[in-house]
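Here's a quick walk through a protein model for anyone who'd like to get their bearings before heading back to the bench. Have the sequence and the structure open side by side.

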Amino acid sequence: MDDIESLGLTKQRRAVLQVILDSDQHLTANEVFEDARRILPGISFATVYNSLRYLRTEGMIGEVSFGPDATRYDRNLTRHDHAICDKCGKLVDLDLSIPNGLVRQAAEMSKFAASTIELTLHGLCPECFNSNRNS
């Protein structure tokens, strides 16, 4: 996706995609909206939200969900895992190798027809861990 202009997207969808691609963070819809307004001042939250849904459905961005009200958007489309801080919500990518048979074992246990597995590590990021120790 080196040339966003060639994708045939509306200017609103291009702006939203550009925000995601330019960020090294996993942005919330609100964060995408704030950054997209810098590109297109008149863009509405509904347009940003609908653009995020479209871009995800089309496979142009990833979505990381941690419950019904905790969704973030990701430029990394390859299989990867995450660590999330339970205190501040910081989210980072992890590149873990999946042991042979783990997907099959999880599929057997869940009765799902699984194709992949993603792991999420929950805990405290270094900053929150250190602030807890110093309190």
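## Leu119 and its loop

Leu119 sits in the loop between α4 and β5. This is a predicted model, so keep that in mind as you click around. Is Leu119 buried, exposed or somewhere in between? With a relative accessible area of 33%, Leu119 comes out as partly exposed, because that value falls between the 20% limit for buried and the 50% limit for exposed. Leaving aside residues up to four places away in sequence, Leu119 touches Asp81, His82, Leu96 and Ile98. Lys87 is another matter: Leu119 and Lys87 are 32 residues apart in sequence, and their C-alpha atoms are 19 Å apart in space.

Glu118 belongs to the loop between α4 and β5 too, and it's exposed, with a relative accessible area of 55%. Once residues up to four places away in sequence are set aside, Glu118 touches Arg79, His80 and Asp81. So Asp81 turns up on the contact list of Glu118 and also on that of Leu119, where contact means heavy atoms within 4.5 Å.

Then there's Lys111, also in the loop between α4 (102-110) and β5 (120-123). What's the sign of phi at Lys111? Positive: phi is near 70°, and this is a residue other than glycine. Lys111 counts as exposed, at 73% relative accessibility.

## Leu94 and its partners

Move over to strand β4 (residues 91-94), where you'll find Leu94. Leu94 is partly exposed, its relative accessible area being 24%. Which residues does Leu94 touch, not counting those up to four places away in sequence? They are His80, Asp81, His82, Ala83 and Leu121.

Asp81 is worth a second look here. Leu94 and Asp81 are 13 residues apart along the chain, and 4.8 Å separates their C-alpha atoms. Asp81 also touches Leu119 and Glu118, so if you select Asp81 and show its contacts within 4.5 Å, those loop residues should be in the picture.

## Ser51, in a helix

For a contrast in setting, try Ser51, which lies in helix α3 (residues 45-57). Buried or exposed? Ser51 counts as buried, at 3% relative accessibility, because buried means under 20%. Beyond residues up to four places away in sequence, Ser51 touches Gln12, Arg13 and Val16.

Ser51 and Val64 are 13 residues apart in sequence, with 16 Å between their C-alpha atoms. Set that beside Leu94 and Asp81, also 13 residues apart along the chain, whose C-alpha atoms are separated by 4.8 Å.

## The largest pocket

Val64 leads us to the largest pocket, where it's one of the lining residues. The pocket has a volume of about 160 Å³. Besides Val64, its lining includes Ile61, Gly62, Glu63, Asp74, Asn76, Leu77 and Thr78. Arg79, His80, His82 and Glu118 are in the lining as well. Which element gives the most to that lining? Strand β1 (residues 62-65) does, with three residues.

Sorted by class, the lining has three nonpolar, five polar and four charged residues. Glu118 and Val64, both in the lining, are 54 residues apart in sequence but 10 Å apart in space, C-alpha to C-alpha.

## The whole protein

Zooming out, the protein has five helices and five strands. Along the sequence they follow the pattern α-α-α-β-β-β-β-α-β-α. The C-alpha atoms fill a box of roughly 45 × 45 × 25 Å along the principal axes. Of the 135 residues, 29% are buried. The accessible surface comes to about 8900 Å², and 49% of that belongs to carbon and sulfur atoms. Among contacts with a separation of 6 or more, 47% are between residues 24 or more positions apart.

## How confident is the prediction?

The protein averages a pLDDT of 90, and 94% of the residues score at least 70. Which elements have the lowest and the highest mean pLDDT? Strand β1 has the lowest, at 89, and helix α2 (residues 29-39) the highest, at 97. Where pLDDT is low, the predicted coordinates shouldn't be read in detail.

Technical notes. Residues numbered from 1 in each chain as written. Predicted model: local features only at pLDDT ≥ 70, side-chain atom pairs only at ≥ 80, totals over all residues. Heavy atoms only, no water. 1 Å grid on protein atoms, 1.4 Å probe; cavity = no way out; pocket = protein on both sides within 12 Å on 5 of 7 lines; lining within 4 Å. Points joined across faces, edges and corners; volume = space filled by probe spheres on them. Helix = DSSP H or I, 4+ residues; strand = E, 2+ residues; numbered from the N terminus. Nonpolar A, V, L, I, M, F, W, Y, C, P; charged D, E, K, R; others polar. Buried < 20%, exposed > 50% of the residue type's maximum accessible area, 1.4 Å probe, protein only. Areas by Shrake-Rupley, 256 points an atom, 1.4 Å probe, with all protein chains shown as cover. pLDDT = per-residue confidence, 0-100.
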